[in-house]
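Thanks for coming, everyone. Please pull up the structure on your screens. I will take you through it piece by piece.

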Amino acid sequence: MSDTPLPSPPESAAPQSASSGPRLPGTDVLVAGAAGLVLLTAEGEVEMPTPAEARTRIHDRPVMVCHARSMARRLGMDSFAAYDVLELFAFVHPAVFCRPTPRGLAETLDLPPPSSLEEAALSLLRSAERLLIDLRAHDRTEASEPLSMAWAMGRGGWLWAPVVLDALGHPAGPEKPSRGGEAFKIWAHLPEWEAEAPRPPPGQRTVMPEDARRRLARLLGDGAEPRPQQADYASAAAAAFAPKAWEEQPTVVLSEAGTGVGKTLAYLAAASVWAEINDGAVWISTYTRNLQHQIDDELDRLHPDPARKAREVVLRKGRENYLCLLNMEEAVRMVETQPRYAVALGLMARWAAKTRDGDLSGGDFPGWLPDLVGRGRSQGLADRRGECIHSACPHYNRCFIERSVRRARKASIVVANHALVMVQAALGGMDDTHLPSRYVFDEGHHLFDAADSAFSAHLTGGETAELRRWLVGGDSGGRSSRMRGLRRRVEDLLSGDEAASEALDEIDRAARRLPADGWAARLSRGEEEPKGPAEAFLSLVRRQVLTHAKGRDGPYSLEAEAVAIVDGLPEAARTLAAELTRLVDPLKTLAERLRARLDDEADSLDTQSRTRLDAAARAIDRRALTQARAWSDMLRSLNDEPPEGAVDWFGVERIPQDAGLPSREIDVGFYRHWIDPTWPFARSLESHAHGVLVTSATLTDSTGDVESDWTVAEDRTGASRYPNPPIRARVPSPFDYPKQTRVIVVRDVDRDDPDRVAAAYRALVTASGGGALALFTAISRMKAVHGRVAGSLEEAGIPVFGQHVDGLDLATLVDIFRGEENACLFGTDALRDGVDVPGRSLRLIVFDRVPWPRPTILHRARRDAFGRGRYDDMITRYRLKQAFGRLVRRADDHGVFVVLDSRLPSRLDGAFPDGVEIERCGLAEAVETVKRFVGSGGKPPPIS
């Protein structure tokens with residue numbers, strides 16, 4: 001490592017005694033807000049520079065900011081030298097939640113929140129000072145030693161390093177400074193998990209309705225306000241925990257609970273009773289990560305003692321969501337020759353030493369950290385390629401993933417997600433053969449979409465190239481050192497097995513015929529001839545799409561039916577199918593040889609070897625065999641009709657770029673989906689599940705025909721696929737929607753004129769004084785309107801944030817929005833569902849147009865199967881119901897829901913609660929209603 005000097009000490013202060021306060025950098029502070037920019041100089045003067053003036057000021061001198069990357073985007077810069085207070089926060093308080101704003105920092109650090117830009121600048125100084133005081137006062141045992149780590153980060157150019165070292169009382173650094181990345185090797189200090197005996201099968205005692213009610217009352221505590229709807233829901237949920245009477249006939253309960261019922265705590269009451277009296281586990285599955293963590297928070301009521309909760313409750317996600325310690329170790333090795341990585345890896349090491357479970361996609365991982373340090377050196381450290389070597393890994397006994405798997409085997413409540421649960425059920429277990437017998441599917445209205453993803457097959461350039469990498473490793477240097485390939489992962493398990501060795505050789509030869517590095521350029525730009533049968537097939541697929549697809553000159557993805565096949569494509573499909581057979585056969589042999597060793601040496605294999613053998617065989621099945629067989633089936637049936645119940649098509653995936661640039665092709669492929677994916681989903685559960693509770697606030701349709709509406713719910717969740725009819729339950733919302741809400745359909749705004757649409761958003765959001773979600777059915781329209789209104793809204797004192805605009809992840813944007821009473825958040829579908837923002841922070845929702853389903857080939861097949869126009873109406877009502885459901889989250893909330901589309905038909909009015917006033921009027925009247933009902937200038941209407 002070169003002798004890179006530490007950054008120069010701050011100019012602001014001479015060394016101080018240990019009893020004095022910490023010294024801060026003698027630098028300017030720059031903040032941005034609705035009114036523009038404010039710069040607080042080191043001399044204490046306040047200026048309001050233009051972006052151009054700010055760029056000049058910060059060009060040669062570091063400045064203190066909150067979220068340097070976000071500030072750079074605002075100033076039109078790639079980057080600049082900065083004392084980012086968020087970096088200091090991540091160092092001092094790793095794994096602690098904080099909204100990435102000056103106000104968020106102040107609130108987390110228990111400082112007075114700023115109310116103006118000038119105060120925000122001062123607040124950043126106070127936050128930095130508090131953080132340094134906290135660092136100096138730390139008296140806890142840490143797996144990451146802050147002194148050595150700050151020194152190493154300083155060698156990598158971290159501006160805060162001298163300040164941190166001074167606060168720690170060692171301005172010259174540690175007495176024996178480590179070299180390279182030694183300070184970041186925190187894995188040696190992490191606790192090890194211990195193997196435990198398997199859990200016996202659970203009992204079969206029934207949960208009675210009164211048991212669930214009593215547990216709910218205990219969870220709510222003495223003096224809680226009576227909520228009869230919640231107790232009724234708990235009683236209904238108890239039915240899902242009865243033992244099944246016949247094989248492959250689980251008891252299914254469909255329970256719709258209106259917003260405000262408190263369904264989470266109610267079903268947790270029933271689930272926890274069953275787990276307790278039967279010594280078993282209930283798996284609770286959600287569609288969104290946000291709800292996973294909300295449920296985890298609610299479980300604090302059940303287990304207030306953190307130690308016991310850690311034993312009884314586990315959050316489970318797929319392996320690709322967790323920090324891989326082996327990936328981190330290999331990244332740390334790079335610090336010796338590339339010290340610029342030290343800052344990112346230091347902050348990651350601080351977090352890894354403190355995190356509860358190593359989850360990189362939620363929990364205690366700051367959603368804003370990847371934007372600060374780079375995704376490759378944060379979330380990119382997860383095992384996203386399925387290359388885990390299990391017990392051969394030197395960090396196996398400290399692995400976050402393995403600890404989570406083992407904790408889940410012993411826990412009473414496992415909070416997972418739909419994708420993981422479905423894949424686990426379909427494969428008979430992800431990491432072992434353990435499958436639960438009781439499930440709760442919250443956000444049950446998403447089961448259809450989750451099953452659609454889990455049980456589909458995509459033969460694409462990206463997927464085939466990924467399989468090649470998994471089988472043979474990387475084709476080039478750099479990151480490929482981690483891409484070990486199948487041979488390096490398993491050959492030591494098969495020493496002396498000639499059949500297995502030959503199979504590995506055949507796998508290697510066949511896999512190298514799959515797309516290699518550079519495949520995308522070869523396909524999209526035609527710079528070279530396709531390499532191998534897979535690229536040849538995909539090249540012809542691309543020609544098929546460009547020949548037949550509509551909208552070729554537009555910016556969006558294209559698709560074409562698997563008919564009127566271009567010349568050469570059938571032959572290319574047969575050739576690729578034969579190649580895949582050459583891959584499938586030795587893969588099957590290798591998996592059989594791995595399992596044979598498990599049987600042949602059952603009496604002599606140690607636990608770690610057995611674990612590796614089983615895991616390797618399962619990985620081959622899951623990552624290679626299942627996929628390759630599905631592709632082969634698709635290719636062999638290309639000239640025929642797809643299997644009954646399936647639909648095939650070709651596609652070219654493209655992403656729009658900035659104005660003036662053509663869209664960029666990122667993938668091309670052949671796709672097969674089930675028309676009704678709830679069939680394979682139901683089959684995957686029926687063999688082992690005893691009880692299934694499916695719940696949501698929007699399970700049923702809302703046409704007014706009760707039986708028809710329930711039938712839709714049964715079909716969309718797969719409940720109608722089981723032999724026994726499901727038990728139905730509905731508990732209405734306690735909210736008074738007619739008094740708390742208004743719905744407005746604006747009739748005189750041309751939805752195809754972005755200037756008119758932007759003017760409508762500006763007027764409506766101004767009338768509400770902020771607290772608004774601006775929802776769009778297309779990213780391009782959202783960006784167009786955002787660009788037209790953000791400046792004027794900010795000048796009016798309304799902070800504006802945007803999905804796909806600000807560069808922040810959605811969860812962080814929602815956190816910021818939730819903490820700002822008068823902000824406006826622009827977004828698309830992801831904001832329509834699963835976002836919980838109670839209070840005045842959300843009082844207005846504006847939809848740019850009716851959210852009809854996009855007319856894709858898959859949608860057309862489902863439309864034909866499920867009732868054409870009736871199917872479109874059902875999907876659109878669901879979407880409107882979900883969006884409207886964001887508006888009122890507690891009894892004192894009130895708000896207005898606006899659709900800027902005169903073509904909203906009255907048959908969709910059922911999307912809104914009975915009795916809610918739906919006003920169809922012009923924009924001027926809509927603005928007056930918004931101003932009167934939720935505007936910041938008046939008092940909220942009374943709510944009884």
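Start with the largest cavity. Its lining is made of 15 residues. Nearest its centre lie Cys324, Cys388, Cys393, Cys399 and Ile401. One reminder before I go on: this is a predicted model.

How large is the volume of this cavity? About 130 Å³. The structure holds 8 cavities of 30 Å³ or more, and this is the largest of them.

Which helices supply its lining? Two to mark here: α13, residues 325-333, and α16, residues 400-410. Each of them gives at least two residues to that lining. As for character, the lining residues split into 9 nonpolar, 2 polar and 4 charged.

Now the sheets. A general word: strands of a sheet pair through backbone hydrogen bonds, either parallel or antiparallel.

Take the sheet that contains β6. It is open, with 7 strands. Read across it and the order is β8-β9-β7-β10-β15-β6-β16. The pairing is parallel. Which strands stand at the edges? β8, at 313-315, and β16, at 727-731. Each has a single partner strand, so one side of each has no neighbour in the sheet. Neighbouring strands here are turned against each other by 15° on average, direction ignored.

Zoom in on one pair from this sheet. β10 covers residues 438-441, and β15 covers residues 691-696. These two strands pair in the parallel sense, over 4 bridges. Find Phe441. Its bridge partner in β15 is Val694.

Next, the sheet that contains β17. This is also an open sheet of 7 strands, with parallel pairing. The order runs β19-β20-β18-β21-β22-β17-β23. At the edges are β19, residues 800-802, and β23, residues 918-921. Each of these pairs on one side only. The twist averages 15° from one strand to the next.

Again, one pair up close. β17, residues 741-746, runs parallel to β23, and 4 bridges join them. Look for Val746. Opposite this residue, in β23, stands Cys921.

On to the helices. In general, two packed helices are described by the angle between their axes and the distance between the axes.

First up, α24 and α25. α24 spans residues 569-600, and α25 spans residues 607-636. They pack at an angle of about 160°, and their axes are 9 Å apart. So the two helices are roughly antiparallel to each other. The crossing of α24 past α25 is left-handed. What is the make-up of their contact? Its residues divide into 20 nonpolar, 2 polar and 9 charged.

Now compare that with α8 and α10. α8 is residues 209-220, and α10 is residues 263-278. Their packing angle is about 115°, with axes 8 Å apart. That makes α8 roughly perpendicular to α10. α8 passes α10 in a right-handed crossing.

Quick recap, then. The largest cavity has 15 lining residues. There is a parallel sheet with edges at β8 and β16, and another with edges at β19 and β23. α24 and α25 are roughly antiparallel, while α8 is roughly perpendicular to α10. That is my tour. Over to you.

Note on methods. Residues numbered from 1 in each chain as written. Predicted model: local features only at pLDDT ≥ 70, side-chain atom pairs only at ≥ 80, totals over all residues. Heavy atoms only, no water. 1 Å grid on protein atoms, 1.4 Å probe; cavity = no way out; pocket = protein on both sides within 12 Å on 5 of 7 lines; lining within 4 Å. Points joined across faces, edges and corners; volume = space filled by probe spheres on them. Nonpolar A, V, L, I, M, F, W, Y, C, P; charged D, E, K, R; others polar. Pairing = 2+ DSSP bridges. Axes fitted to C-alpha atoms, helices over the stretch in contact; angles between N-to-C directions. Parallel < 35°, antiparallel > 145°, perpendicular 65-115°, else oblique. Left-handed = near helix turned anticlockwise from the far one by under 90°.
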